[in-house]
Amino acid sequence: MVWKENRENAYCEITPAILALKEQWEKKNYIDPKLYKEYNVKRGLRDEDGRGVLTGLTRVGEIQSYSVTEGEHIIPQDGMLYYRGIDCRELVKGSEGRRFAFEETAYLLLFGELPTAAQLEAFCQQLASYRTLPTNFFRDVIMKAPPRDLMNTMQRGILTLFCYDDKPNDIGLENVLRQCLQLMSNMPVLAIYAYQAWRFSQGESLFIHVPKPELSTAENFLRMLREDCSYTDLEARTLDVALILHADNGGGNNSTFTNHVVTSSGTDTYSAIAASMASLKGPRHGGANSKVMAMMDDVKEHVRDWNDEGCVADYLTRILNKDAFDRSGLIYGLGHAVYTKTDPRCEVFRAYVNHLAAEKGREDELALYANVEKIGKQLLMERQHKSVLSTNIDFYSGFVYEMLGLPKELYTPLFAVARIAGWSAHRMEELSVGGKLIRPRYECVEEHRPYTSMDRR
Ligand SMILES: CC(=O)SCCNC(=O)CCNC(=O)[C@H](O)C(C)(C)COP(=O)(O)OP(=O)(O)OC[C@H]1O[C@@H](n2cnc3c(N)ncnc32)[C@H](O)[C@@H]1OP(=O)(O)O
Ligand SMILES: O=C([O-])CC(=O)C(=O)O
């Protein structure tokens, strides 16, 4: 029997009582934006000049996006991303066409050196031996509740794996390493099985393929996804590149910083990775890749002539004015908290997009993407009084995945399949060198006042 989501669920109703409580909440919860300046709050943990507040040291990943003059002025630069000191684009180039390199990237991030052929083989065998979920896990955990969002289903899976571990709370480095490798290995399985459960909830037939030990993460992902287990070499290799590029972005990105914060409390690996998943899902972070696709669908529907820059500008202005699309006021895929001029990962994706769009005859859409990118950036730079703004990795990644025939539900989970490598490396680092509970300060702007007894309120 196929179960369907119950869309008219009285439990989810916004009742008059909830609305009244929300009004009550609004009366006492306004904080004047001017106070942030007055108290010198580093909003979003950002310094006045836009740079992130320095909150830690790491050897894992590094972003370079500006230089500083003698007078302490910031000069924006093309972005660079280094994994353990190595330009991430070199990892893509170094392996291209010869071998899958996500596993090698994960090894580098974790252990700090590129593996030799023997080390890589042993590492891949280790991952392959872990790439299996406990008996009946799919039935008992993944299928248990309506999979409305794959990221949440995966998160539940990760949290439940805690119950199958004999040493779940042991934060000794060898035990944490074992847990991280097992989770890294199981992440694609969790993502695809969550997707299959979701398809089934939509009335499609259910099929579950087991991963094959001799295949790479990218190949297994595609094999488990498709009913006939088929994939082309181009698909698997493009996916491998995507995984390499998403594996880390330094210690300060929202999901990795979350990992540092949560790890510093001494909690277990499952909780720390689930917390990072919660962060990554957000549309201003990893969730932006599927939001870009939804936004582009919306633009395609509402902009009459895709080549008319005026029409595109009008619609993007409506988006920015919270008058169109999801009314968040955001043009997804544009802007970045740290990259100033360019995001190097986006530049790699751009080459794949151009190649795939030509091969698949989707140049019209590519031209629309280019228009949205160019005009969206102009509009944003005018509003923010900036002379540069970067397109981020999420702008083109979804389009690449779509041209590879990947379903949109899997775009953010795919990010998690890659980023767990970085989260793991940062968790190990936090445990070994952090050693201090991360605990910043919030200034309370409420007046002190006496308690009022119930009969006098
Ligand atoms: C893998 C990743 O996580 S990459 C990022 C993916 N996210 C997106 O693509 C969502 C769209 N982009 C954004 O929301 C932002 O650019 C972020 C969240 C990535 C970075 O935001 P910030 O660190 O605040 O960037 P910055 O300081 O340059 O922004 C200045 C102002 O411009 C706004 N802004 C920045 N980018 C955008 C955008 N794409 N659309 C609308 N407004 C934007 C910010 O909200 C901020 O407004 P505020 O001053 O009212 O707070
Ligand atoms: O660094 C950030 O803030 C977001 C990002 O691009 C990433 O995590 O890949």
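# Hairpins, domains and shells

Reader: In the hairpin of S1 and S2, what phi does Glu72 take?
Author: A positive one, near 65°, and the hairpin has five residues between its two strands. The model is predicted, so local features need pLDDT of at least 70 and side-chain atom pairs pLDDT 80 or more, while totals for chains, interfaces and linings use all residues. Residues count from 1 along each chain as its sequence is written, chains are lettered from A, and ligands are numbered from 1 in the order written.

Reader: Why are S1 and S2 called paired strands?
Author: Strands are DSSP runs of E with at least two residues, helices are runs of H or I with at least four, and both are numbered from the N terminus. Two strands pair if DSSP finds at least two bridges between them. S1 and S2 have seven, in the antiparallel sense, so they meet that cut-off. One example is Ser67, which stands opposite Ile75 in S2; another is Gly61, whose bridge partner in S2 is Tyr83.

Reader: And what makes S2 and S3 a pair?
Author: Strand S2 (residues 74-83) and S3 share two antiparallel bridges, so they qualify under the same rule of at least two. Tyr82 has Asp87 in S3 as its bridge partner. This hairpin has two residues between the strands, and Arg84 takes a positive phi near 50° there.

Reader: Which strands stand at the edges of the sheet?
Author: The open sheet has three strands in the order S1-S2-S3, with antiparallel pairing. Strands S1 (61-68) and S3 (86-87) each have a single partner strand, so one side of each lacks a neighbour in the sheet.

Reader: How is the chain divided?
Author: Into domain 1 (61-282 + 412-434) and domain 2 (288-403), with bounds from an automatic or database domain assignment. Their centres, over C-alpha atoms, are 26 Å apart. The contact takes 19 residues from domain 1 and 18 from domain 2, a contact being two C-beta atoms, placed from the backbone, within 7 Å. On the domain 1 side S2 gives the most, with six residues. That side has twelve nonpolar, five polar and two charged residues.

Reader: What do those classes include?
Author: Ala, Val, Leu, Ile, Met, Phe, Trp, Tyr, Cys and Pro are nonpolar, Asp, Glu, Lys and Arg are charged, and the others, Gly among them, are polar.

Reader: How do you know where the largest nonpolar core lies?
Author: Such a core is a set of buried Ala, Val, Leu, Ile, Met, Phe, Trp, Tyr and Cys residues joined through C-beta atoms within 7 Å. The largest has 106 residues, and Ala191 and Ala194 touch the most other members. Helix H8 (residues 173-201) gives the most to this core, 14 residues. Both domains contribute, so the core lies between them. Leaving aside neighbours within four places in sequence, Ala194 contacts Ile142, Pro147, Leu150, Thr153 and Met154.

Reader: Why is Thr267 called partly exposed?
Author: Buried means 20 or more other C-beta atoms within 10 Å of the residue's own, exposed means 12 or fewer, and partly exposed is in between. Thr267 has 13, so it falls in between. Thr267 is in the loop between helix H11 (254-263) and helix H12 (269-281).

Reader: What makes H11 largely enclosed by the rest of the structure?
Author: Seven of its ten residues are buried, so the description fits. Among them are Phe257, His260 and Val262. The buried residues of H11 pack against H12 and H18.

Reader: Which residues are around ligand 2?
Author: Asn249, Asn253, Ala337, Val338, Asn392 and Ile393; a residue counts as near if its C-beta atom, placed from the backbone, lies within 6 Å. By class that makes three nonpolar, three polar and no charged residues.

Reader: How many residues surround ligand 1?
Author: There are 21, and the closest are Ala288, Leu334, Gly335, Ala337 and Asn392. This shell has nine nonpolar, ten polar and two charged residues.
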